[in-house]
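Please read the following report alongside the sequence and the coordinates. Its topics are a sheet, a helix, some record annotations and an interface.

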Amino acid sequence: MWALVILPAPMLVAQLLLDQLGADPIDKLERLTGHWALRFLIASLAVTPLMRLTGWGWLVAQRRFLGLAAFFWAIGHLSVYTVLDWFFDWQEITKDILKHLYITVGMTAFVLMVPLALTSTKASIKRLGGVRWNRLHSLVYVSVIAGCLHFFWAVKKDVTEPLIYAGIAMVLLAFRVVWQPPARR
Amino acid sequence: AALEAMARTGGAQEDKVTPEEDATSYNNFYEFGTDKEEPKVLSRGFVSTPWTVQVEGLVKKPRPYSYDELVGKIAVQDRTYRMRCVEAWSMVIPWRGVQLRDVINRVEPLPSAKFVEFTTLFDPKRMPGQRSAVLPWPYKEALRMDEAMHPLALLATGMYGKSTLPPQNGAPLRLVTPWKYGFKGVKSIVKIRFTDRMPNTTWNDANPSEYGFYANVNPTVDHPRWSQAKERRIGEFLKRNTLMFNGYADQVASLYSGMDLRRNY
């Protein structure tokens with residue numbers, strides 16, 4: 001399963017080494033890692049609706065998997081940004097995060113994923129209790145909205161792609177509002 | 001050799017010519033698609049001969065000029081210029097072309113002309129990117145008359161030692177104003193119009209808070225969404241500092257003396 005998540009990574013590295021990423025490979029890598037993070041994050045939102053529609057409880061493990069996959073790619077995205085794009089120029093990076101809203105929002109999306117990744121184990125669910133764990137993990141909704149906004153604002157003019165991502169995310173979020181799980185007795 | 005370069009450039013990083021492959025495969029030319037790799041592919045087979053340029057507005061005799069009539073008799077020059085994109089990347093491109101002021105003198109604008117406007121070809125059949133309304137077509141750019149008459153302003157007709165431009169770089173005629181962001185460099189020009197009022201320009205129309213009329217390279221005035229202080233030279237790893245007027249301040253700063261460049265971005 002993890003092979004699926006990691007698969008794009010060696011492809012990107014190979015493309016980088018073979019000089020297949022165009023004239024500005026750092027920019028390209030930054031975009032592609034970001035795309036994968038957002039794709040997995042949005043895919044993780046699809047699991048709950050699918051479970052409710054099909055009743056397949058085993059899907060819950062895939063939700064964790066997809067969430068962690070998104071986190072993995074978000075780390076990749078952030079690494080490209082700090083190492084390749086800015087080469088640890090912390091002064092510029094700090095300014096970038098504080099002054100430029102699309103970076104602020106992107107960092108927010110990432111930071112919110114950290115506690116979720118840290119509490120993704122069964123043991124954490126037990127320790128926190130289902131209700132509290134669920135409440136904590138609803139942060140993913142904020143993260144995905146921030147991620148979509150980050151993508152939207154990062155684009156210069158042609159917002160087709162970010163709108164597609166945001167559209168899918170909105171449908172998956174709306175599902176949760178429209179289709180509440182039946183109250184437990 | 002490094003010391004020698006330091007001595008020559010006063011400590012500034014050296015300007016190495018960008019590989020031709022990069023300058024001809026990484027293009028912002030939305031008429032041929034919004035991805036930078038698209039213009040090279042989607043402009044393949046774009047024919048720019050014959051080519052006519054309509055000269056309009058405040059000129060002695062408004063009329064169409066054939067490409068040869070307009071630029072054919074003007075001495076061609078080779079000029080290697082830095083090009084700084086508003087997206088914070090840059091290149092160094094050896095252009096070939098004619099001084100814009102020679103072209104302007106040739107078509108004889110009236111003294112009342114204060115601005116000159118350039119329009120890109122609008123032909124969605126040949127420019128497939130124009131089938132979607134990502135920008136208000138046709139693409140228009142303009143200069144104040146004194147900017148246009150500046151000796152650095154070039155109408156490029158070729159690059160990398162060749163006498164024609166590749167379609168993705170704006171064949172057959174393209175504006176080059178190296179002290180301004182790249183988007184001022186309007187490509188595949190079919191119309192030159194002289195006017196006494198500041199013309200609308202495409203990116204300014206599309207997003208006035210982000211792109212101004214002047215679009216002078218200025219590291220101290222950020223784009224609302226990103227910093228303009230540094231840039232990545234294509235082919236280099238570490239970013240370099242962006243220079244005021246893209247390093248051409250000595251030549252062009254006087255054009256803007258007394259102007260608030262924060263407002264007139």
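The report turns to conventions, then to the sheet of chain B, the helical chain A and the contact between the two chains.

This is a predicted model, in which local features need pLDDT of at least 70 and side-chain atom pairs count only at pLDDT 80 or more, whereas totals for chains, interfaces and linings use all residues. Residues are numbered from 1 along each chain as its sequence is written, chains are lettered from A and ligands numbered from 1 in the order in which they are written, and side-chain values use heavy atoms, with hydrogens and water left out.

**The sheet of chain B**

Helices (H or I, at least four residues) and strands (E, at least two) are taken as DSSP runs, numbered from the N terminus, and two strands count as paired if DSSP finds at least two bridges between them. On these terms, chain B holds an open sheet of 5 strands, in the order β2-β1-β9-β5-β6 and with mixed pairing. The edge strands of chain B, β2 (63-66) and β6 (140-144), each pair on one side only. From one strand to the next the twist averages 20 degrees, with axes being lines fitted to C-alpha atoms (for helices over the stretch in contact) and angles running from 0 to 180 degrees between N-to-C directions.

The pairings are set out below, each with one pair of residues that face each other across it.

| Strand pair | Sense and bridges | Residue pair |
|---|---|---|
| β1(B) and β2(B) | antiparallel, 4 bridges | V53(B) and Y65(B) |
| β1(B) and β9(B) | parallel, 4 bridges | E56(B) and R193(B) |
| β5(B) and β9(B) | antiparallel, 6 bridges | T120(B) and I189(B) |
| β5(B) and β6(B) | antiparallel, 5 bridges | V116(B) and L143(B) |

The connection from β1(B) to β2(B) is a hairpin through 5 residues. Strand β1 (residues 52-57) of chain B also pairs with strand β9 (residues 189-195) of chain B, and there V55(B) stands opposite I192(B).

How many residues of strand β5 (residues 115-120) of chain B are buried? The strand is mostly covered, with 6 of its 6 residues buried, where buried means under 20% relative accessible area, exposed over 50% and partly exposed in between (1.4 Å probe, protein chains only). In a regular strand the side chains alternate between the two faces of the sheet. In β5(B) both faces are covered, since F115(B), E117(B) and T119(B) are buried on one side and V116(B), F118(B) and T120(B) on the other.

**Helix α9 and the annotated spans of chain A**

Helix α9 (residues 139-154) of chain A has 16 residues and, at 1.5 Å a residue, should span 22 Å, which agrees with the 22 Å between its end C-alpha atoms; the expected span is 1.5 Å times one less than the number of residues. Its buried residues are V140(A), S143(A), V144(A), A146(A), G147(A), C148(A), H150(A) and F151(A). These pack against α3 (25-54), α4 (60-85), α6 (101-118), α8 (130-137) and α10 (160-178) of chain A, contact meaning heavy atoms within 4.5 Å.

V140(A) counts as buried because its relative accessibility is 16%. Residues up to four places away in sequence not being counted, V140(A) touches L41(A), L45(A) and L116(A).

An unreviewed UniProt entry annotates "transmembrane region" over residues 33-53, 65-88, 100-118, 139-156 and 162-179 of chain A; UniProt positions follow the numbering used here, feature names are shortened, and annotations may be inferred rather than shown by experiment. In the model, residues 139-156 of chain A are 89% helix and 0% strand, with end C-alpha atoms 28 Å apart, while residues 162-179 of chain A are 94% helix and 0% strand, with end C-alpha atoms 26 Å apart. UniProt (unreviewed entry) also lists residues 33-148 of chain A under "domain: Ferric oxidoreductase". That stretch is 87% helix and 0% strand, and its end C-alpha atoms lie 14 Å apart.

**Where the chains meet**

Across the interface, 27 residues of chain B are in contact with 23 residues of chain A. The area buried between chain B and chain A is about 2,100 Å², of which carbon and sulfur atoms give 53%; buried area is the accessible area (1.4 Å probe) that two parts lose on being put together, summed over both. In chain B, the residues that lose the most area to chain A are R225(B), R232(B) and F237(B), together 28% of what that side buries.

E92(A), in helix α5 (residues 90-99) of chain A, is buried, with a relative accessible area of 9%. Its neighbours within four places in sequence left aside, E92(A) is in contact with W86(A) and K230(B).
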